[in-house]
Amino acid sequence: MSNTFKGGIHPFGGKELTKDKPIQELKPSGELVFPVSQHAGAPATPVVKAGDAVLAGQVIAEASSAVSANIHSSVSGTVKKVEMRPLPTGGKAMSIVIENDGEYREAEFVPSDPENLTKEEILQKIRAAGIVGMGGAGFPVDQKLSPEESDSIKYLVVNGAECEPYLTSDYRVMLDTTDELIGGIKIALKLMPNAKAVIGVEDNKPEAIKAINGKIAGDPRISCVPVKTKYPQGSDRTLIYATTGMKIKSTAHSNEYGVVVSNVTSLYNVYEAVVKGRPLTRRTVTVSGDDISNPGNFRVYLGTAFQELLDAAGGTVQDPEKFINGGTMMGFAMYDLSAPITKTSGALLALKKDEVSSHPTGPCISCASCVSVCPMQLMPNKLAKLADKGNTEEFEKNYGSYCIECGCCSYVCPARIPLKQSIKATKKAIKAAKRRERQVARS
Amino acid sequence: MSLLKVSESPHVRGRKSTQTIMRDVLIALTPGAIFGIYNFGVNALIRLLVGVFVCIAIEAIYQAAMKKKVTVSDLSAAVTGLLLGMNLPSEFPIWMEVVGCAFAIIVVKQLFGGLGQNFMNPALGARCFLMLAYTAQMTNYVMDGVSSPTPLAFLKPGGEAVGDPSLWDMFFGSVNGVIGETSVIFLMAGAVYLLVRREISPKIPFIYIGVFAGMVFLLTPGHNFDFMYMLKEVCGGGLILGAFFMATDYVTSPTTPNGKILFAVALGVITFIFRMFGGSAEGVSYAIIFCNILVPFIEKVTIPKPFGWEKQKKEAKGHE
């Protein structure tokens, strides 16, 4: 096994800025905003109304279907209103706005010993805590950890690759809360009795690998695999391949192949939920970029405005050209810092210069750079041309739906063609058209 | 606060641009071009300069006349001009060279939509055009003031065996031919630069030369299993220049990984046939433009299967 995958890129990492900054706690001062849709799947249903008093850790919106997640208030205070508010990923969503009373009175959390719990009880606790995939996808973790045939799961791949530039929040979780992380992995392994856990960590984080190895020595079910530092090493498919040697196509569910993938921060929260009974109300966020005065890692109460986080890091050095929620490869450009930190916000970056708008687009010279970096071995050059022509049929025949939207193609393109952007838009359009077809067929 | 920029991810870009790639190709061609000037004198220098500057000028004038954005700063016209100059004999009439530049830039490149849209290499297209239009001048190879045949003409099966050049001369380049093709060692120095900078994939040149050399070694009438003969065929004519600098032209070679292999094999086979059984001792230019035309078909049959594909036999059926 080569501990890596074919293709990929080496973008500027920027992790030096924050990797050695321990997690600081950030107490919010302003109002807190909780969008009911901050996970994959159906939006949660609000269960509070304006004027209600809430405690920290109290459910304020309930999961509305199997693929959905509870949302808890992160502070104690009063519900001000329920209204549309901007999301950090663009657009707006129904959100519960809470006035913080500054007392942080907590709802009652019931600790338990996972040894005495049944599988169903463990899953119930994870579900109640509202834990979703914190690497960015936001898929409810209880759904992930309860595949149909849990006995047939061979591998729990624990994603500690953190290949996204600038981000060090997973790194700090691995380093500062190693025990809780391993505890979370052990709980997940209880749910999948025949599985082995492999923790994939990029080899640019030797301290994290060392810390983990120190805690798992002698445990036959858990191992730590250093993987090559290369983007997108932390994507499901590439990480599964690098750690287990299994090639799973991107259009299938990995659990059909006996593999479940979960992020380290998600598993840390599984431990908090099951052992301490604490719901997901805080997360670690990296504040970084060449325009941040004091880059660092913060433990933030969910619902805190990005602006408060920026202020906590000393603000910007000069007027930035770009703010990003997430990393430089897959993050979302922000235009409104009043948007709140959500369960999937891993970072806030401020960049002095926007590389995208300073590079004009030219014609494709067929250099095939995009083909050679595509980790899914697709032909982004061809797919983007088909996408721009609106030829969805040929787009699908050329495996357009296999794209994982990592952006390597756009990164390397010497003509600066927004390849991934075209492909993503067309993938979305095809998905929407299929959904419409199904709806028509049903009615 | 000034206005923020908002765009879809990724928010960073790599260092390479079309311009830096073209610049690297120009740098890589320089050793071979300088050797050409050393070998053929000031006439060669003039041909190279005319090629570069006339191509740039024609592209700029054409784009301005057509009210298009003038894009000569991407250096692609300069590469075409230098390659065209390197593909001419040193005494070639300059006005004919200007005609060749116009053909390369206007007919082969701009009429098909400009950079990235041409289906054959502009410099090679022009060389073949000049070969047909001005055959006598294009095959008049003058060295040290005397017109003489090229090494390949000696090597051609049935050709005269007199004056057979030494392998060392062919490797170093002190032989007759077009300006930029003679020195294997200087061309290779540039090729290594392109390979190290990862501007070209090693697949096309090495497979091309390998297949060609293998066929020469095994199948040449009268020279089977003649290792020396094979080496001379590899070092002679435009093979090294063509394999590393023209067959690898992005626009006119396949972008699929297996397509590159197929393309290179086809080049090797066709070059062998042209050189051994064709009317001329040369075959590389025609082989490359012939294979350029095959590229869309080669790409069509070599679309790669995505990651994790093999395991899904059922779905494979559905797509084929």
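**Where chains A and B meet**

Visitor: How many residue pairs are in polar contact between chain A and chain B?
Guide: There are 19 such pairs between chain A and chain B, with both residues at pLDDT 80 or more. Keep in mind that this is a predicted model.

Visitor: Which helices of chain A give two or more residues to that side?
Guide: Helices H6 (236-244), H10 (380-389), H11 (392-397), H12 (408-412) and H13 (419-442) of chain A do. Strands E15 (322-325) and E16 (332-334) of chain A are also on the list.

Visitor: And what classes of residue are on the side of chain A that touches chain B?
Guide: That side has 30 nonpolar, twelve polar and 14 charged residues.

Visitor: How many salt bridges between the two chains?
Guide: Two. In one of them, Lys424(A) pairs with Glu8(B). Their closest N and O atoms are 2.9 Å apart.

Visitor: What area is buried between chain A and chain B?
Guide: About 4500 Å². Carbon and sulfur atoms give 59% of that area.

Visitor: Which three residues supply more of chain A's share than any other three?
Guide: Lys247(A), Ile365(A) and Tyr399(A). They supply 15% of the area that chain A buries against chain B.

Visitor: New topic. What's the strand order in the open sheet of four strands in chain A?
Guide: The order is E2-E8-E7-E4, and the pairing is antiparallel.

Visitor: Which strands sit at the edges?
Guide: E2 (32-35) and E4 (53-54) of chain A. Each pairs on one side only.

Visitor: How many bridges join E4(A) to E7 of chain A?
Guide: Two, and these strands run antiparallel. As one bridge pair, Ala53(A) has Thr78(A) in E7(A) as its partner.

Technical notes
Residues numbered from 1 in each chain as written. Chains lettered and ligands numbered in written order. Predicted model: local features only at pLDDT ≥ 70, side-chain atom pairs only at ≥ 80, totals over all residues. Heavy atoms only, no water. Buried area = accessible area lost by both parts, 1.4 Å probe. Salt bridge = Lys/Arg side-chain N within 4 Å of Asp/Glu carboxyl O. Polar contact = N/O pair within 3.5 Å; in protein donor to acceptor, adjacent residues only side chain to side chain. Nonpolar A, V, L, I, M, F, W, Y, C, P; charged D, E, K, R; others polar. Pairing = 2+ DSSP bridges.
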